[in-house]
Amino acid sequence: MFNPSGLPLVDDAPADHPKVKELHELAQWAEGMVWSSPERHAMTGLMKTQIDWIPLSVGAVRPTQGKTLAVMQVSGGSQSFNAVNQMRVLGRWMRMLTIPNQSSVAKAWQEFDKAGPMMPSAYYDRIVDVMEELMKFTLLTRDAAPYLVDRYSERKESAEALSRRIQQAVI
């Protein structure tokens, strides 16, 4: 669980900022992720900042590639899917295996009791369904992820780089 409190805006701090380092370490460690955002016209700026801080590559490793992703949102008003749709697009762009199921809780203020926990409802059941599906996809793809995200263009580039490095043309 990452608490973004204190996370600086992208490009407002160096990558060795403590909150940025914490986020990077969690992104590297996780096999799957759950992105959840309130819907305020779309996903919040803070959610986008977290996603923007996750590097697309660390050396030759893509920290998100092949990892599973579930997306969720809560809304203060009527049902909407703007935030989950944006997060789904970003997850696919980051080469994550974004699961088919998702959750959008409308009128979220009615769904929680005064102590904080979510009350039993169809929305609650849907969240459990999404979490179960995330676990199933993570387990099913765990060993297959390298194969599923393997790309011809990257293998080709790697072969060309290797050929130049060992001066294959000279040999």
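This briefing describes the fold, core, main pocket and a few single residues of one protein chain. The model is predicted. Its secondary structure comes to six helices and four strands. Of the 171 residues of the chain, 37% count as buried.

**Overall layout**

- Read from the N terminus, the elements follow the order α-β-α-β-α-β-β-α-α-α.
- Along the principal axes, the C-alpha atoms fill a box of roughly 75 × 40 × 25 Å.
- Many contacts join distant parts of the sequence: among contacts between residues at least 6 apart, 69% join residues at least 24 apart.

**The nonpolar cores**

- The largest nonpolar core has 21 residues, and those that touch the most other members are M33, W35, M43, I51 and M87.
- Five elements, α1, β1, α2, β2 (68-74) and α3, each supply at least two residues of this core.
- Helix α3 gives the most to this core, with four residues.
- M87, one of the core residues named above, is in contact with W35, S36, S37, M43, M47, L69, V71 and M72, leaving aside neighbours within four places in sequence.
- A second, separate core has five residues, including A70, M72, I99 and V130.

**Helix α2**

- Helix α2 spans residues 45-53, and its buried residues are M47, T49, Q50, I51 and W53.
- The cover over these buried residues includes α1 (18-29), β1 (32-38) and α3 (82-93).
- An α-helix has 3.6 residues a turn, so residues three or four places apart point the same way.
- I51 of this helix also belongs to the largest nonpolar core.

**The largest pocket**

- The volume of the largest pocket is about 560 Å³.
- It is lined by 18 residues, and the closest to its centre are M1, F2, M33, V34 and W35.
- Strand β1 supplies the largest share of the lining, five residues.
- Elements α1, β1 and α2 each supply at least two lining residues.
- By class, the lining has 14 nonpolar, four polar and no charged residues.
- M33 and W35 appear both among the residues closest to the pocket centre and among the core residues that touch the most other members.

**S104 and S80**

- S104 is found in strand β4 (residues 103-105), while S80 is in the loop between β2 and α3.
- S104 counts as buried because its relative accessible area is 7%, under the cut-off of 20%.
- S80 counts as buried because its relative accessible area is 13%, which is also under 20%.
- The side chain of S104 makes a polar contact with the side chain of Q73 at 3.3 Å, and another with the side chain of Q79 at 2.9 Å.
- The side chain of S80 makes a polar contact with the side chain of E39 at 2.6 Å.
- The side chain of S80 also reaches the backbone nitrogen of N82 at 3.3 Å.
- Not counting residues up to four places away in sequence, S104 touches Q73, S75, Q79, S80, F81 and Y123.
- On the same basis, S80 touches E39, Q73, S75 and S104.
- Q73 and S75 are therefore among the residues touched by S104 and by S80, where contact means heavy atoms within 4.5 Å.

**V10 and A13**

- V10 is found in the segment before α1, and A13 is placed in the segment before α1 as well.
- V10 is partly exposed because its relative accessible area is 29%, which lies between the cut-offs of 20% and 50%.
- A13 is buried because its relative accessible area is 16%, under 20%.
- Not counting residues up to four places away in sequence, V10 touches T49, D52 and W53, and A13 touches P8 and W53.
- W53, a buried residue of α2, is thus touched by V10 and by A13, with contact meaning heavy atoms within 4.5 Å.
- V10 and A122 are 112 residues apart along the chain, and their C-alpha atoms are separated by 37 Å.
- A13 and R142 are 129 residues apart in sequence, with 34 Å from C-alpha to C-alpha.

Terms used:
Residues are numbered from 1 along each chain as its sequence is written. This is a predicted model: local features need pLDDT of at least 70, side-chain atom pairs count only at pLDDT 80 or more; totals for chains, interfaces and linings use all residues. Side-chain values use heavy atoms; hydrogens and water are left out. Buried means under 20% relative accessible area, exposed over 50%, partly exposed in between (1.4 Å probe, protein chains only). A polar contact is a pair of N or O atoms within 3.5 Å; within protein, one must be able to donate a hydrogen and the other to accept it, and residues adjacent in sequence count only if both atoms are side-chain atoms. A nonpolar core is a set of buried Ala, Val, Leu, Ile, Met, Phe, Trp, Tyr and Cys residues joined through side-chain atoms within 4.5 Å. On a 1 Å grid over the protein atoms alone, a cavity is a set of points where a 1.4 Å probe fits but cannot get out, and a pocket is an open set with protein on both sides within 12 Å along at least five of seven lines; lining residues have an atom within 4 Å of a point. Grid points are joined across faces, edges and corners, and a volume is the space filled by probe spheres set on the points. Ala, Val, Leu, Ile, Met, Phe, Trp, Tyr, Cys and Pro count as nonpolar, Asp, Glu, Lys and Arg as charged, and the others, Gly among them, as polar.
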